[in-house]
Amino acid sequence: PPPNILFTMTAVNLQALANAQQLTIHSASERNSLGLRGIDYYAKCMLGGVLACGLTHAATVSLDVHKCRSQAHAKSGAWPGSLPQGIKKILAEEGAAGMRVGWVPTLFGYGAQGLFKFGLNEFFKDLYTNILGEKTLESQGAKMAMWAAASGSAEIFADVALCPFEMIKVKMQVQLPGKVVEPVVPTSVMGAWGVMSANKAKTNFPFGSLVPLWGRQVPYTMIKFVGFYVTSEWIYEQLAKRGTKKSDMSTASQLAITFASGYWAGIFCAIATQPMDNLVSMRGAPENANKSFGEIAKEAGAKTLFLKGLGTRVLMIGTLTGLQWYIYGTFKNAMGFGTQ
């Protein structure tokens, strides 16, 4: 095209980009009578949540394979308890393919969970802030309670979306090579969905694990969000006392604080929710197919419920949580909402 047309097209595109950015900022700051922002703000936060949770859980699926098998089979001696031995066994018996068992339902399930976890957290945080009032939230205790209520409310919906995929993932991962126990679940999502649906009496699919999932994920998410907010606020306060304001820091520095705060919160998430995580994994073992969660817990004992697989899970959840906040913060910043 002639230079004048190119110049005009460039000017139009730059103006459109500027208008889009202003619209984004407007939707993030303008609120209705309920204290809620524009729908596009929450939609973008939902997309950020999909990326944050789906990608990170899928990337660490190898740790999850060992963790689930250790939780389900270590007590019987069918699977080693330590992470290095478990990884070595997977590679020796199944090769590289064994390291990624269940990655597709992990990606879909935790992507769906992230959509509601982060998106609805922003929604409920705005809603509850409006109900309680800014004055009430001036105290740290009230603010922490509001963060816990908002994230917990969001997680209730998030786990409904996650549950079918989590049940498929766990069933895939606790199946040991060479040990055929009916029903055998294929490694494709649709195939596994069909088999588990056809055997509902045995698998309790698709929402048989929802209650223990709530027991694991709701407190986990409350700790994850409250721990993150409290830690990051404390870090910025300490830096401000030393003369460094958040507004003066680079985006990279802010995101580094975001990652560190998320990792620290993730450690406490893993410890607090370990018993329920063990129960969800143990429920997928063939010998526990017809047992209630209470029976499984009684047989396992408190020591097993609290400690089995804890080291692997602390490593996994700490990394996951730090990366999730980092990805979410990066995405929000790209949308013009700031790093957190």
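## Briefing: helices, core and loop

I271 has a relative accessibility of 43%, so this residue counts as partly exposed. That value, like the others here, comes from a predicted model. I271 is a handy place to begin a tour: its home is helix α10, which covers residues 251-283. From there we can visit the nonpolar core, one helix pair, a loop with two notable backbone features, and a few individual residues.

**Around I271**

- Which residues does I271 contact, once neighbours within four places in sequence are left aside? The partners are L310 and V314.
- I271 can also be compared with Y220: 51 residues separate the two in sequence, while their C-alpha atoms are 9.2 Å apart in space.

**The largest nonpolar core**

- The largest nonpolar core has 51 residues, and the members that touch the most other members are F118 and W325.
- Which helix gives the most to this core? Helix α6, spanning residues 140-174, does so with 10 residues.
- With neighbours within four places in sequence set aside, W325 makes contact with F118, K224, F225, F228, Y229, T258 and G262. F118, the other residue named for touching the most members of the core, is thus among the contacts of W325.

**The pair α3 and α13**

- Helix α3 (residues 61-73) packs with helix α13 (residues 310-334), their axes lying 10 Å apart at an angle of about 155 degrees.
- Why is this pair called roughly antiparallel? Angles over 145 degrees count as roughly antiparallel, and therefore α3 is roughly antiparallel to α13.
- The handedness of the crossing of α3 and α13 is left.
- On the α3 side of the contact are L63, D64, H66 and K67, which meet T312, R313 and M316 of α13.
- By class, the residues of this contact are three charged, two polar and two nonpolar.

**The loop between α8 and α9**

- Helix α8 (200-203) and helix α9 (210-241) are joined by a loop that holds P206. The peptide bond leading from F205 into P206 is cis, and its omega is near 10 degrees.
- N204 sits in the loop between α8 and α9 as well. Its phi is near 60 degrees, which is a positive value in a residue other than glycine.
- Is N204 buried or partly exposed? With a relative accessible area of 35%, N204 is partly exposed.

**Two buried residues**

- Q113 belongs to helix α5 (residues 103-132). Its relative accessible area is 1%, so Q113 is buried.
- Leaving out residues up to four places away in sequence, Q113 touches C53, E155, A158, D159, L162 and Q217.
- T304 is part of helix α12, residues 302-307. Buried means under 20% relative accessible area, so T304 counts as buried at 17%.
- Beyond residues up to four places away in sequence, the contacts of T304 are N278 and M282.

**G191 in α7**

- G191 is found in helix α7, which runs over residues 189-198. Its relative accessibility is 26%, so G191 counts as partly exposed.
- How far apart are the C-alpha atoms of G191 and A270? They are separated by 31 Å, and the two residues are 79 residues apart along the chain.

Definitions and conventions
Residues numbered from 1 in each chain as written. Predicted model: local features only at pLDDT ≥ 70, side-chain atom pairs only at ≥ 80, totals over all residues. Heavy atoms only, no water. Core = buried A, V, L, I, M, F, W, Y, C linked by side-chain atoms within 4.5 Å. Buried < 20%, exposed > 50% of the residue type's maximum accessible area, 1.4 Å probe, protein only. Helix = DSSP H or I, 4+ residues; strand = E, 2+ residues; numbered from the N terminus. Contact = heavy atoms within 4.5 Å. Axes fitted to C-alpha atoms, helices over the stretch in contact; angles between N-to-C directions. Parallel < 35°, antiparallel > 145°, perpendicular 65-115°, else oblique. Left-handed = near helix turned anticlockwise from the far one by under 90°. Nonpolar A, V, L, I, M, F, W, Y, C, P; charged D, E, K, R; others polar.
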